Amino acid sequence: MSEIDKRVLQTIVETANDHFFIVSGDGQIVDISPGAEAVYGVSREELLSSSVHQLQAAGVLKPSITLEVMRTRKPAQLMQITGTGRRVIAEAYPVFVDGKLERIISRSRDLTDLQLLQDEYALLQKRFSEHLKRSQAAPDAEEQALDDALDNLQVRSSVMREIALLLKRVAPSDANVLMLGESGVGKTAFAKQLHRWSQRCDGPFIDVNCAAIPENLFESEMFGYQPGAFSGAARQGKAGLLEQAEGGTLFLDEIGELPLLMQTKLLKVIQDGSLTRLGDTRARKVNFRLVVATNQDLAKQVEAGLFRLDLYYRLNVIPVTLPPLRDRREDIPDLVEASLNRLNQRYGRRKILDTRVWSTLMGSEWPGNVRELENWLERAWLSSPTDQIEEPAVLPHAEQLPVNLPNASPAQAVTLEPHETLKQYLARLERETLEELSNILPSTYAIAKRLGISQSSVVRRLQHYGIKITK
């Protein structure tokens, strides 16, 4: 290495916000960044004279991510508790020369920085909200313009109007937007509206549910592939979803379900503005606006080592939290009216609501939010024999429903078919249960909660049986 290269490397290590450790293949510390002293509570001289084995034994590293890389010979990411009691997110990468592990490069970031950023953002949001409330007494031109531009969004409540105003203001930029909120609150609808307001409105809107793509197919679906990249690949190759979003908006729903490996690859695309298809060596430029959504707490996933901190920072440029429907009941009448218009048009018949239904509509908690409201209205529409819609037999609180299938007695539910094995019987029972729940529950998360299993297990089982959730 030339003297210039040494100076460049030294400058990078000494000025980085992250705290770097360079460790030899046998665990001896070779170099560290100066800021690591304060985080780990040990002087630079002591650290340089130690090994990661000694530091873990002394409680300075709890645990040592470098030892994890030495054990697995693979990159790793985890949460550390330092000797000073600080919580840091650490990641480490092996360096091989001729197959031998020569170095491990690790870097860590104090999560205190993340908390400060979150507190600062919360303060800014509070001030922004107060400003909007003060201005509501005399609606201005911006408020009127919002009413004219809302298209199919039903937002009457003040909190949703604030969110719509914020999205309309940031739409002309290419800033990444992170949409948070419970399942079914309307994150996809707002993402589409943001696209329509943006300068990319003439480009495509690519909607991707990260939880619905099997992990073994994720890279080929997202990044595309070249001819012959793998067994079964199309002869002409295929452009991935990232390329398909060229010139438009890429909406990644359920971003919290993105596998760690794909998080790393997505981060590189965001940073470089380019991607490489499977089986290809040529990088391709991509240009899209990124909007992501999740109903999970990404900050907690970062702390648990399930989500990359650097990707979180990249995505969390404009965070927008959509409140649940129970906290904005003023929106229910407009949502009901819009849904009824769509149902009447779809089924070619003009039906109206019985006035007694409104007490249910306005008084229910709607744990599945807008999606549950729309599904409930469709069931009510279809089950009403006259042009006056009455309450259906299924109540809005879907999570309280029994798993037993309708019109089936207990004896029928447990009877084996002739020549049916136990394995076949259990598979049939599982399929029938999932089919029933997919008709009455709004999401895979609701089904998982009802069955007491993980959401990813529900997704795999639905895919196995070819079952789709009824919307």
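Val8 comes out as partly exposed, at 44% relative accessibility. This is a predicted model, so please hear every value today as computed from that model. Val8 sits in helix α1, which covers residues 3-15. Together with Ile4 and Ile12, Val8 forms a nonpolar patch on the surface. The accessible area of the three together is about 290 Å².

From the surface, on to the interior. Which residues touch the most other members of the largest nonpolar core? They are Leu250, Leu252 and Ile255, in a core of 34 residues. Several elements each supply at least two residues of this core. The strands among them are β8 (205-209), β11 (249-253) and β14 (289-294). The helices include α10 (215-223), α11 (241-244) and α12 (260-272), and α13 (298-303) and α14 (309-315) contribute in that way too.

Take Leu250 as the example. Leaving aside residues up to four places away in sequence, Leu250 touches Ile206 and Val208, then Leu241, Leu242 and Ala245, and also Phe288, Arg289, Leu290 and Val291. Apart from this core lies another one, of 22 residues. Leu166, Val177, Phe190 and Val320 are among its members.

Next, the charged side chains. As a general point, side chains of opposite charge can pair when their charged atoms come close. Searching the whole structure gives 21 salt bridges. I will go through three pairs and one network.

The pair Arg71 and Glu68 has its closest N and O atoms 2.7 Å apart. Where do Arg71 and Glu68 lie relative to each other in helix α5? They are three residues apart in that helix, residues 65-72, and therefore separated by about one helical turn. Arg71 is exposed, with a relative accessible area of 61%, while Glu68 is partly exposed at 26%.

Arg329 and Glu365 form a salt bridge at 3.0 Å, N to O. Arg329 is in the loop between β15 (318-321) and α15 (332-347), and Glu365 is in the loop between α16 (357-363) and α17 (369-383), so this pair ties together parts that are 36 residues apart in sequence. Both residues are partly exposed: Arg329 has a relative accessible area of 22%, and Glu365 has 38%.

In the third pair, Glu378 and Arg346, the N to O value is 2.9 Å. This pair also links distant parts of the chain, with Glu378 in helix α17 and Arg346 in helix α15, 32 residues apart. Is Glu378 buried or exposed? Glu378 is buried, because its relative accessible area is 14% and the cut-off for buried is under 20%.

The network is made of four residues: Glu91, Arg107, Arg308 and Asp310, linked by salt bridges.

Last, a residue that follows helix α17. Ser384 lies in the loop between α17 and β17 (388-389). Ser384 is buried, with a relative accessible area of 7%. What does the side chain of Ser384 reach at 2.7 Å? The partner is the backbone oxygen of Ala380. Not counting residues up to four places away in sequence, Ser384 also touches Lys351, Ile389 and Glu390.

To recap the charged part, there are 21 salt bridges in the whole structure. The Arg71 and Glu68 pair stays within helix α5, whereas Glu378 and Arg346 connect helix α17 with helix α15. On the nonpolar side, there is the core of 34 residues and, apart from it, the one of 22.

Technical notes:
Residues numbered from 1 in each chain as written. Predicted model: local features only at pLDDT ≥ 70, side-chain atom pairs only at ≥ 80, totals over all residues. Heavy atoms only, no water. Salt bridge = Lys/Arg side-chain N within 4 Å of Asp/Glu carboxyl O. Helix = DSSP H or I, 4+ residues; strand = E, 2+ residues; numbered from the N terminus. Buried < 20%, exposed > 50% of the residue type's maximum accessible area, 1.4 Å probe, protein only. Core = buried A, V, L, I, M, F, W, Y, C linked by side-chain atoms within 4.5 Å. Contact = heavy atoms within 4.5 Å. Patch = residues over 30% accessible without salt bridge, like charges linked within 9 Å, V, L, I, M, F, W, Y side chains within 5 Å. Areas by Shrake-Rupley, 256 points an atom, 1.4 Å probe, with all protein chains shown as cover. Polar contact = N/O pair within 3.5 Å; in protein donor to acceptor, adjacent residues only side chain to side chain.
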